[in-house]
Amino acid sequence: MLHIQHVSGGYAGHSIVKDISFEVNKGEMLGILGPNGSGKTTLLKIISGILPASEGTISIDGNKLSEYSPKELAKLIAVLPQHAADPFSYTVKETISLGRYAHQRGWFNSWSKEDEETVLRVMEQTGTLSLQDRNIQDLSGGERQRVYLAQALAQEPRILLLDEPTNHLDLSYQKELFDLLKKWSKECELMVVSIFHDLNLAGLYCDRLLLLHEGKIVIEDTPNEVLKQERIQTVYHTKIAKQPHPKVPVPQMVLLPEWENEQIEEIYQVDPSVIQASSERIVVKTEQPLKTMSSGVIGSGTGWYQNFVNRHVDKTYNCSDHKQEMAHYLERNGFLPGETVGMMTAVKLEDVSYKLYIDGNVSIFVVVTAGVGNAIDASVMDREVFDYKPGTINTWVFVNGELSEEAFIQSIMTATEVKVKVLQNEEVLDLNTGTLATGTSTDSILIAATQKGTSIEYAGSFTQLGRLISRGVFECTTEAIRKSRLRKEGMS
């Protein structure tokens with residue numbers, strides 16, 4: 001265990017870090033965060049023994065740092081500084097081999113098989129094996145950084161201290177580096193202490209984070225506790241927002257640019273003037289991107305989009321990769337998939353129903369296409385499987401206002417509740433069970449907001465927005481179903 005207790009220190013009698021205490025256990029990665037000038041590099045130098053501590057103690061497994069000889073310390077601690085000098089024209093392999101110095105038993109004929117195997121292994125792990133014969137001074141900044149990491153790992157230390165190790169590294173090498181460090185820390189019980197400027201990288205890989213401000217610890221805890229929005233804004237003096245990582249349970253921070261606040265706060269409204277309807281597709285194209293939550297074939301989940309396409313497909317449509325096919329369709333018709341939510345339906349698009357609904361300072365634009373040949377009762381679990389007739393209820397709700405995350409989810413709940421009520425009123429049945437249907441097996445929904453104007457925190461059934469959604473979805477879904485039925489009756 002690395003144990004730092006009440007440590008202070010700095011330069012020329014001036015303390016940069018003050019009363020620092022924390023521990024790092026075997027197999028653990030600790031990230032040190034803080035704005036420029038907060039004492040991160042100074043603290044790392046004190047831990048490594050490069051700078052003496054003016055107060056407090058640093059110990060490894062109960063032994064004080066001062067009790068180790070320089071060579072013994074080099075076997076325990078390896079340091080990868082932010083900037084490394086290249087005074088000699090060594091090859092890459094020679095530079096990495098210097099990391100074995102602490103393990104040498106003499107100056108002559110002491111290079112062992114173990115030394116050679118260790119150097120080759122760390123070169124392979126760090127992607128420097130192919131560079132081994134090149135001169136260190138001929139490498140790019142990123143290549144040099146990987147060489148010096150390999151040199152530090154060649155020491156086979158128990159503690160690895162890193163000062164901004166991703167300097168000069170592109171995204172792929174940043175990920176590879178920290179994937180390796182995470183693996184080594186667990187498998188080799190390596191204690192890793194690293195300085196980070198990238199809060200997201202720190203939150204993604206570190207077990208714990210230590211936040212410094214003006215030489216003192218603000219907090220030392222798990223990433224989710226340290227990376228609080230208000231705390232980071234206070235320490236870094238900048239506006240940020242916290243959000244969950246899309247794949248793993250760690251926090252991620254995003255910057256909020258000032259230009260967004262400087263824009264003219266014009267109230268942009270989505271209304272019937274933005275819709276284009278034909279037998280092939282229904283398109284809503286907005287002047288500005290809208291924050292969107294949807295179950296579209298393209299653009300599902302959350303994001304910012306300004307093209308919304310509901311495409312008609314034949315009832316015999318069958319594709320092994322419908323997402324890719326839909327993306328190609330959008331591209332052929334002038335829509336960028338990255339800026340578009342794309343849905344598809346076998347419903348005749350002339351049966352669409354849409355309308356603008358206004359209640360004081362809140363308004364919504366609702367668009368619904370509905371076919372019920374594929375209607376099912378979702379409450380019946382043990383149904384027989386047979387071929388349903390094509391039918392899909394696609395519901396779009398465009399909100400002219402600023403929705404909270406909670407309001408987005410409640411909007412989906414409210415719209416879904418109302419859709420089920422319409423199916424009951426219209427006596428739409430699950431043909432397999434004979435019971436009232438709750439929807440179709442391929443229903444899709446979209447909630448999109450301008451994020452300008454009125455701030456809307458809630459969208460439950462009894463709220464202002466909830467009542468608008470209830471009315472809009474009820475009326476438009478009812479009309480769309482009736483249009484579809486009348487057309488089919490006219491054809492029969």
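Helices and strands are DSSP runs, numbered from the N terminus. The model described here is predicted.

## The first sheet

Strands 2, 1, 4 and 5 form an open sheet, in the order 2-1-4-5, with antiparallel pairing. Strand 2 (14-24) and strand 5 (63-64) are the edge strands; each has a single partner strand, so one side of each lacks a neighbour in the sheet. In general, the strands of a sheet pair through backbone hydrogen bonds, in a parallel or an antiparallel sense.

Seven bridges join strand 1 (residues 2-11) to strand 2 in the antiparallel sense. One of the residues involved is tyrosine 11, whose bridge partner in strand 2 is histidine 14.

## Helix 1 on the sheet

Helix 1 packs on this sheet and touches strand 1, strand 2 and strand 4 (55-60). The direction of helix 1 makes about 120 degrees with that of strand 1.

Helix 1 spans residues 40-48 and is mostly covered, with seven of its nine residues buried. The buried residues of helix 1 are Lys40, Thr42, Leu43, Leu44, Ile46, Ile47 and Ser48. After helix 1 comes glycine 49, which has a positive phi, near 95 degrees.

## Two nonpolar cores

In soluble globular proteins, nonpolar side chains tend to be buried together. The largest nonpolar core in this model holds 43 residues. Leu33, Ile96, Leu160, Phe178 and Leu181 have the most contacts inside this core. Helix 5 (residues 141-154) contributes the most to the core, giving seven residues.

Phenylalanine 178 illustrates how distant parts of the sequence meet: leaving aside neighbours within four places in sequence, phenylalanine 178 is in contact with Met29, Pro165, Thr166, Ser194, Phe196, Leu201 and Tyr205. A second core, separate from the largest one, has 33 residues, including Ala370, Val372, Val399 and Ile447.

## Aspartate 351

Aspartate 351 is found in the loop between strand 16 (340-345) and strand 17 (353-359). Is this loop residue buried or exposed? The relative accessible area of aspartate 351 is 4%. Buried means under 20% relative accessible area, so aspartate 351 counts as buried.

Which residues does aspartate 351 touch, not counting residues up to four places away in sequence? They are Val368, Ala480, Lys483, Ser484 and Arg487. With arginine 487, there is a polar contact between the two side chains, at 2.9 Å.

How values were computed: Residues are numbered from 1 along each chain as its sequence is written. This is a predicted model: local features need pLDDT of at least 70, side-chain atom pairs count only at pLDDT 80 or more; totals for chains, interfaces and linings use all residues. Side-chain values use heavy atoms; hydrogens and water are left out. Buried means under 20% relative accessible area, exposed over 50%, partly exposed in between (1.4 Å probe, protein chains only). Helices (H or I, at least four residues) and strands (E, at least two) are DSSP runs, numbered from the N terminus. Two strands pair if DSSP finds at least two bridges between them. Contact means heavy atoms within 4.5 Å. Axes are lines fitted to C-alpha atoms, for helices over the stretch in contact, and angles run from 0 to 180 degrees between N-to-C directions. A nonpolar core is a set of buried Ala, Val, Leu, Ile, Met, Phe, Trp, Tyr and Cys residues joined through side-chain atoms within 4.5 Å. A polar contact is a pair of N or O atoms within 3.5 Å; within protein, one must be able to donate a hydrogen and the other to accept it, and residues adjacent in sequence count only if both atoms are side-chain atoms.
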